[in-house]
Amino acid sequence: MSSSEIAVDTRVGEYALRLGDDALVLAQRTGEWIASAPELEEDLALGNLALDLLGQARSLLTYAGQADGSGRSEDDLAYFRDEREFRNCQLVELPSGDFGATMARLFVFASYQYELYSRLVDSADQTLAAIAAKALKEVAYHRDHTGAWVIRLGDGTEESHRRMQAGLDTIWPYVRELFESDDLVTELAAAGIAVDPADLDGPTMTHVRAVFLEATLDEPEPASHHSGGRRGIHTEQMGYLLAELQHLARSHPGAQW
Amino acid sequence: MSTTSWPLWEVFVRARRGLSHVHVGSLHAPDAAMALRNARDVYTRRGEGVSIWVIPADQIAASSPDEKDAYFDPADDKVYRHPTFYHVPDGVEHL
């Protein structure tokens, strides 16, 4: 589809940017595992998963640049925005931590994405619906694979259980942000374009809790919850992540393979 | 890196319906369910298959290279075992 056929709607652009930034930043974090996973097989599994997310990010950011009328390309958006312009939730920018924390984050996020995309396939926006249809099969596997690890580690040895639970405890203050609504998404949801994140809370947590039960893990109850990513407020770690992500493109603008 | 390695599994992939599963390689995995997932991630990344089998490598009985002469050489000079001594009549289809 050429950009001229796409109706400009800055709200849709902003929504696509949120979903795209989530995928881009988590792809970057997950890619850090390549060559460092416990086994070569898991290296490839995490590499595949990161590349799936990167593919989603490319589609979503390309569309965001068209829908917001700015004409910015996926590369413009990924490499030439500063921290405060990123709209990803804070969960995806956290350092991966150990393998348990990595699986905790990926599992919760994939469970959320699965519910999101399985509804977004019915979006009145044809482009979002098409992106969701392709991504749904990918995140179904992410949810399955990471869920299997959560169960194995949680219901494994004393040490693996301890570290899996510690991983959950680390990421849990950042989970509620996934399900936060604001005026933008409620408006777009009412128009049948977006999915209201608040509607994903119930189904996502039902799946997550079922896996926790099998994994003999406890749902953490943190004293406070963090949020702000959708307004450009990020954690300290975000700057370091962007430095690594954007360094090459900014040092050599227009560089080609 | 773990100090104890996971067991080895042999992977067989069926490229499409109607073909048999073909050995494509091996991998490490803690159990069968994870071996299937790993096989998916390692050996079907480029659309190579529609079905996967995994088998514990230690469950495969293999002929020994030392027995190669006794096993296979006797078949070399038994040309009569090949179906090459028949004349196919003209007009026979589907052979």
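Arg176(A) counts as partly exposed in this predicted model, at 28% relative accessibility. Its salt-bridge partner is Asp201(A), and the closest N and O atoms of the two residues are 2.3 Å apart. Asp201(A) belongs to helix H8 (residues 198–214) of chain A, whereas Arg176(A) sits in the loop between H6 and helix H7 (183–190), so the pair ties together parts that are 25 residues apart in sequence. Asp201(A) is likewise partly exposed, with a relative accessible area of 22%.

**Salt bridges**

Over all chains, the count of salt bridges comes to 22. Four of these pairs are set out below.

| Pair | Closest N to O distance |
|---|---|
| Asp201(A) and Arg176(A) | 2.3 Å |
| Asp144(A) and Arg37(B) | 2.9 Å |
| Lys134(A) and Glu138(A) | 3.5 Å |
| Glu159(A) and Arg163(A) | 3.9 Å |

Lys134(A) and Glu138(A) lie four residues apart in helix H5 (residues 126–154) of chain A, and are therefore separated by about one helical turn. The surroundings of the two residues can be stated separately. Lys134(A) is exposed, its relative accessible area being 56%, whereas Glu138(A) counts as buried at 15% relative accessibility.

Glu159(A) and Arg163(A) are also four residues apart, about one turn of the helix, and both lie in helix H6 (residues 158–171) of chain A. Glu159(A) is partly exposed, with a relative accessible area of 39%. Arg163(A) is partly exposed as well, with a value of 37%. These two residues belong to a network of salt bridges that also links Asp98(A) and Arg162(A).

**The interface of chain B and chain A**

Chain B contributes 14 residues to the contact, and chain A contributes 14 residues. Together the chains bury about 1,500 Å², with 52% of this area on carbon and sulfur atoms. Two salt bridges are found across the interface. One of the salt bridges between the chains joins the side chains of Asp144(A) and Arg37(B), at 2.9 Å from N to O. The interface also holds seven residue pairs in polar contact, with both residues of each pair at pLDDT 80 or more.

On the side of chain B that touches chain A, strand S2 (22–28) and helix H1 (32–43) of chain B each supply at least two residues. H1(B) gives the most to this side, with seven residues. By residue type, the side of chain B that touches chain A divides into six nonpolar, three polar and five charged residues.

**The largest nonpolar core**

In soluble globular proteins, nonpolar side chains tend to be buried together. The largest nonpolar core of this model has 87 residues, of which Tyr15(A), Tyr117(A), Leu128(A), Val150(A) and Trp172(A) touch the most other members. Helix H4 (residues 99–120) of chain A provides the largest share of this core, eleven residues. When residues up to four places away in sequence are not counted, Tyr117(A) touches Gln56(A), Leu60(A), Ala132(A), Ala135(A), Leu136(A) and Val139(A).

**The buried Arg81(A)**

Arg81(A) is placed in the loop between helix H3 (74–79) and H4 of chain A. With a relative accessible area of 2%, Arg81(A) is buried, because this value falls under the 20% cut-off. Its side chain makes a polar contact with the side chain of Asp21(A) at 2.7 Å. A polar atom of the Arg81(A) side chain also lies 3.0 Å from the backbone oxygen of Glu85(A). Beyond its neighbours within four places in sequence, Arg81(A) is in contact with several residues, among them Asp21(A), Leu17(A), Leu61(A) and Phe86(A). The charged residues Arg72(A), Asp76(A) and Arg250(A) are also included in that set of contacts.

**Backbone conformation in two loops**

Two residues of chain A that are not glycine have a positive phi: Ala35(A), at about 80°, and Thr216(A), at about 55°. Ala35(A) is found in the loop between helix H1 (10–31) and helix H2 (40–67) of chain A, and counts as exposed at 66% relative accessibility. Thr216(A) occupies the loop between H8 and helix H9 (236–251) of chain A. At 41% relative accessibility, Thr216(A) counts as partly exposed.

Conventions: Residues are numbered from 1 along each chain as its sequence is written. Chains are lettered from A and ligands numbered from 1 in the order in which they are written. This is a predicted model: local features need pLDDT of at least 70, side-chain atom pairs count only at pLDDT 80 or more; totals for chains, interfaces and linings use all residues. Side-chain values use heavy atoms; hydrogens and water are left out. Contact means heavy atoms within 4.5 Å. Buried area is the accessible area (1.4 Å probe) that two parts lose on being put together, summed over both. A salt bridge is a side-chain nitrogen of Lys or Arg within 4 Å of a carboxyl oxygen of Asp or Glu. A polar contact is a pair of N or O atoms within 3.5 Å; within protein, one must be able to donate a hydrogen and the other to accept it, and residues adjacent in sequence count only if both atoms are side-chain atoms. Buried means under 20% relative accessible area, exposed over 50%, partly exposed in between (1.4 Å probe, protein chains only). A nonpolar core is a set of buried Ala, Val, Leu, Ile, Met, Phe, Trp, Tyr and Cys residues joined through side-chain atoms within 4.5 Å.
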